[in-house]
Amino acid sequence: MKMRGLTLLLAIAVPTVLSPLARAQAPAASSNSSNAMPPATPQPALTYVRPTATVKFHNYLFDTFGPYKIVGAAIAAGINQADNAPPEWMQGAEGYGKRFGSDFGILAISTSTRYALSAAFHEDTLYYRCECKGFFPRLSHAVISTFSARRGEDGHRVFSVPDLVAPYAGTMTAVYAWYPDRFDARDAFRLGNYSLLGYVGENVGLEFIYQGPHSWLSRMHMGNSHNAPDSAQPH
């Protein structure tokens, strides 16, 4: 039972950790001059830019059907195959196909639910990297972002119902649509808890692994690819 929950965590967190690294450019040093104006207040490296409908749609397609979800589902299916979970699906290619389809379906339904509810609640549930410095402040930001979203033109943070509901929507659908009959709401809730932890792992990866303008995601033209836009980049 625990193994199936763990696979959901791996399915979401592992593909994120495998995302390519890019180095940020160091800011140019300001010149010293006796006639220079007083230095302006430093601007944060990351500023909120509300994503357009096109950006949201591109991110939805990538987050739902992109290679990260495919690789994540493949890894989860392999672990479930080794654990023979659930045993009713047996082994072999047919068993692996069922497990892959199940894991991919859970991820796709969860992501679709999050995007649909975020539109209904007028929230921006994309992940935005922290403007703070230090390991623990950034880690805290990543965890809190799992349960919060941006709202309004200023991007102020609010508690996010879509972020909270989405992980359980995927597992609840799986339990009642294609899992063996012995699974019930308790299993769906338990698996949803692990799925929620998976979102935490994904956000931690997005926070600490920089995905700059030369990253693979940018080359895929996924503008604002589930992380904050760099203020130095054109929008």
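**View 1. Helix H6 and helix H7 pack against each other in this predicted model.**
Let's start with helix H6, which covers residues 161-177. Its axis and that of H7 lie 8 Å apart, and the two helices pack at an angle of about 135°. How are H6 and H7 set relative to each other? An angle of about 135° is neither over 145 nor within 65 to 115 degrees, so it falls among the oblique ones. H6 and H7 are therefore oblique to each other, and their crossing is right-handed. To follow the contact on the H6 side, look for Asp-163, Leu-164, Pro-167, Tyr-168, Thr-171, Met-172, Val-175 and Tyr-176. On the H7 side, the partners include Ala-185, Phe-189, Leu-191, Gly-192, Leu-196 and Tyr-199. Sorted by class, the residues of this contact are twelve nonpolar, four polar and two charged.

**View 2. Helix H5 also packs against H7.**
Here the partner of H7 is helix H5, made of residues 135-145. The axes of H5 and H7 are 8 Å apart, with a packing angle of about 135°. H5 and H7 are therefore oblique to each other, and they cross in a right-handed way. Which residues of H5 take part in the contact? They are Phe-135, Arg-138, Leu-139, His-141, Ala-142, Val-143 and Ser-145. From H7 come Val-200, Asn-203, Val-204, Glu-207 and Phe-208. The classes of this contact are seven nonpolar, three polar and two charged residues.

**View 3. The second largest cavity is lined by 16 residues.**
How many cavities of 30 Å³ or more does the structure hold? There are four, and the second largest has a volume of about 150 Å³. Closest to the centre of this second largest cavity are Thr-125, Ser-145, Thr-146, Asp-163 and Asn-203. Some of these names may look familiar: Ser-145 and Asn-203 belong to the contact of H5 with H7, while Asp-163 belongs to the contact of H6 with H7. Strand E1 (148-151) and helix H7 (185-208) each give at least two residues to the lining. By class, the lining has four nonpolar, six polar and six charged residues.

**View 4. Helix H2 and helix H4 run roughly antiparallel.**
Now turn to H2, residues 53-65, and H4, residues 92-120. Their axes come within 8 Å of each other and cross at roughly 160°. Why do H2 and H4 count as roughly antiparallel? Their angle of roughly 160° is over 145 degrees, so it meets the cut-off for that name. The crossing of H2 and H4 is right-handed. In H2, the contact is made by Lys-56, Asn-59, Tyr-60, Asp-63, Thr-64 and Phe-65. In H4, Phe-104, Ala-108, Thr-111, Ser-112, Arg-114 and Tyr-115 make the contact. This set has five nonpolar, four polar and three charged residues.

**View 5. The loop between H3 and H4 holds Asn-84 and Pro-86.**
Helix H3 covers 67-83, and the loop between it and H4 is the place to find Pro-86. What form does the peptide bond from Ala-85 to Pro-86 take? That bond is cis, with omega near -10°. Asn-84 is found in this loop between H3 and H4 too. Look at its backbone: phi of Asn-84 is near 55°, a positive value in a residue other than glycine.

Methods:
Residues are numbered from 1 along each chain as its sequence is written. This is a predicted model: local features need pLDDT of at least 70, side-chain atom pairs count only at pLDDT 80 or more; totals for chains, interfaces and linings use all residues. Side-chain values use heavy atoms; hydrogens and water are left out. Axes are lines fitted to C-alpha atoms, for helices over the stretch in contact, and angles run from 0 to 180 degrees between N-to-C directions. Helices (H or I, at least four residues) and strands (E, at least two) are DSSP runs, numbered from the N terminus. Angles under 35 degrees count as roughly parallel, over 145 as roughly antiparallel, 65 to 115 as roughly perpendicular and the rest as oblique. A crossing is left-handed if the near helix is turned anticlockwise from the far one by less than a right angle, and right-handed if clockwise. Contact means heavy atoms within 4.5 Å. Ala, Val, Leu, Ile, Met, Phe, Trp, Tyr, Cys and Pro count as nonpolar, Asp, Glu, Lys and Arg as charged, and the others, Gly among them, as polar. On a 1 Å grid over the protein atoms alone, a cavity is a set of points where a 1.4 Å probe fits but cannot get out, and a pocket is an open set with protein on both sides within 12 Å along at least five of seven lines; lining residues have an atom within 4 Å of a point. Grid points are joined across faces, edges and corners, and a volume is the space filled by probe spheres set on the points.
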